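Here are some short exercises on how strands and helices are put together. Have the model open and try each task before reading its solution.

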Amino acid sequence: MSKVETVTNPSNDEFMTLVDSFLSSEAILVVLARCRVHYDGRAKSELGSGDRIIMVKPDGSFLVHQSKKREPVNWQPPGSFVSVEERNGKVILRSVRRKPKETLEVELEEIYLASLFRAEDYEELDLTGSEAEMAEMIFKNPELIEPGFRPLFREKPVGSGIVDILGKDNRGNLVILELKRRKADLHAVSQLKRYVEALGGEHGNVRGILVAPGLTSGARRLLEKEGLEFRKVQPPKRGEFKRGKQKTLF
């Protein structure tokens, strides 16, 4: 069986036959088409007619890309159920997520190309010096931040996002660490500021520390303006720290 099957300007029947083959195999479906996109779930959205790239993966991931930006304009996560049907003369690709209930429908107005790729890939991405490894390193060596620092939670949800590390200093003040594996920029400072403001109203004095190998000049100025702090920390070398269980000390 060929690894790749491709049809250009397929009829509805040809396309649906290809999708049926996708649904019965561990393959990736890629479609170049003019389409409309309808989403109904935690909110509702409509995307008008335009040329898009549609990618459906065997794990149920469903992505709709426009010709600009990195992120998909619409998407469904792994575990979603994918189906195809013909409705009023047009083919509909449908993705349903059960919990929470979300439905994404792509109405294909004109299909330029459809391709089935039976990819074989058994490797896992091995990140070197990732932020998760930085967090593990800090949990094992909290003095990298300062004497008396106690890391308590990793990836702690707050109202405005997820804090990389939440801990306490030697005076009992809450400390938020925002970790960056590369030079930190203005966006990183803005993230940290939001987290400090989110917890500050509940817990009084909350310190915010940006942890990274370096800072841009703009980030340094904004840190100083907002009364936030910086610690220069290099990500660990490959394999030096493996992620363990999260501590919950309070």
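**Exercise 1.** In which sense do strand 9 and strand 10 pair, and over how many bridges?

*Solution.* Strand 10 covers residues 161–168, and it pairs with strand 9 in the antiparallel sense over 7 bridges. Pairing here requires at least two bridges found by DSSP; strands are DSSP runs of E with at least two residues, helices runs of H or I with at least four, both numbered from the N terminus. For a concrete spot, look at Lys156, which stands opposite Val163 in strand 10.

A word on the source: this is a predicted model, where local features need pLDDT of at least 70 and side-chain atom pairs count only at pLDDT 80 or more, while totals for chains, interfaces and linings use all residues. Residues are numbered from 1 along each chain as its sequence is written, and side-chain values use heavy atoms, leaving out hydrogens and water.

**Exercise 2.** Work out the strand order of the sheet, and find which strands stand at the edges.

*Solution.* First, the order is 9-10-11-12-13, an open sheet of 5 strands with mixed pairing. Next, strand 9 (150–158) and strand 13 (229–232) each have a single partner strand, so one side of each lacks a neighbour in the sheet.

**Exercise 3.** Is helix 2 largely enclosed or not, and what do its buried residues pack against?

*Solution.* Start with the count: 7 of its 10 residues are buried (under 20% relative accessible area, 1.4 Å probe, protein chains only), so helix 2 is largely enclosed by the rest of the structure. Among them are Met134, Ile138 and Phe139. Finally, the buried residues of helix 2 pack against strand 9, strand 10, strand 11 and strand 12, with contact meaning heavy atoms within 4.5 Å.

How values were computed: Buried < 20%, exposed > 50% of the residue type's maximum accessible area, 1.4 Å probe, protein only.
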